[in-house]
Amino acid sequence: MNGKAIATRKPDSGADRPYGTDLEKGGHPFTGGDAADLSAPPFTFDAVPFTPGSLKAVAYAKGKIAATQTIYTPGTPTGLKLSLDDQGVPLKADGADAVFVRATLIDSAGHPVYTNTADLDKTIHFSISGPAVIVSPNERQTEAGIASILIQATTQKGKLVIKASATGLKSATLTYNLQ
């Protein structure tokens, strides 16, 4: 947390047993067990105190770093970031392909601001130029810091330019080559 190690854990390996939220009737909270059938069991960290800043997880395999993940405490939303959710499969100019485009609220450092605070909800206006059309409403309200639209390719190949804007935020543009 903020550059200081706070805990080291091995994969969860507790006993399998029924668990759930109905604790008064015998349900159990998650205890680090119930992972016997998983190929890669999770790692559970209990009682991590909240401190603003960064939280970094480092995974080791055979003594070497295998993966890292860092999350940050977000600031106030100042802009938007666009992403096209093609799941690694390029959008085709076949008149049928469709994908979601997402606008995510970001802070001044570019970190996503996933919030459900009503006073931070924003109406996002989307526009597109090039060989695709927006098939959902072009204005969407953010939910948990994200607003999504659905776009559909036409039968023409070429460059798509997707824009998102909202009052009081820096707008975002995404360019995509439709094949």
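Two strands count as paired if DSSP finds at least two bridges between them. With that in hand, here's a quick tour of this predicted model. One open sheet has four strands in the order 3-4-8-6, with antiparallel pairing. Another open sheet, also antiparallel in its pairing, is made of four strands in the order 7-5-9-10. After the sheets, we'll stop at a serine in a loop and at two residues with an unusual backbone angle.

**The 3-4-8-6 sheet**

- The order of the four strands is 3-4-8-6, and the sheet is open. Its edges are strand 3 (79–85) and strand 6 (132–134), each of which pairs on one side only.
- Going from one strand to the next, the twist averages 30°.
- Seven bridges link strand 3 with strand 4 (residues 98–106), and the two pair in the antiparallel sense.
- Looking for a spot to check by eye? Take Asp85, whose bridge partner in strand 4 is Phe100.

**The 7-5-9-10 sheet**

- Here the antiparallel strands line up as 7-5-9-10 in an open sheet. Strand 7 and strand 10 (172–178) are the edge strands, and each one pairs on one side only.
- The twist from one strand to the next averages 25° in this sheet.
- Strand 5 (residues 123–129) and strand 7 run antiparallel and are joined by three bridges.
- Within strand 7, Arg140 is the residue that stands opposite Ile124.

**Ser136 and its contacts**

- You'll find Ser136 in the loop between strand 6 and strand 7 (139–141).
- Leaving aside residues up to four places away in sequence, Ser136 touches Ile149 and Leu150.
- With Leu150 there's a polar link too: a polar atom of the Ser136 side chain lies 3.0 Å from the backbone nitrogen of Leu150.

**Two loop residues with positive phi**

- As background, most residues other than glycine have a negative phi.
- Gln87 isn't a glycine, yet it has a positive phi of about 55°. This residue sits in the loop between strand 3 and strand 4.
- Is Gln87 buried or exposed? Gln87 counts as exposed because its relative accessibility is 66%, and the cut-off for exposed is over 50%.
- Ala144 isn't a glycine either, and it has a positive phi of about 55°. Look for Ala144 in the loop between strand 7 and strand 8 (146–153).
- Ala144 has a relative accessibility of 36%, so it counts as partly exposed.

Methods:
Residues are numbered from 1 along each chain as its sequence is written. This is a predicted model: local features need pLDDT of at least 70, side-chain atom pairs count only at pLDDT 80 or more; totals for chains, interfaces and linings use all residues. Side-chain values use heavy atoms; hydrogens and water are left out. Axes are lines fitted to C-alpha atoms, for helices over the stretch in contact, and angles run from 0 to 180 degrees between N-to-C directions. A polar contact is a pair of N or O atoms within 3.5 Å; within protein, one must be able to donate a hydrogen and the other to accept it, and residues adjacent in sequence count only if both atoms are side-chain atoms. Contact means heavy atoms within 4.5 Å. Buried means under 20% relative accessible area, exposed over 50%, partly exposed in between (1.4 Å probe, protein chains only).
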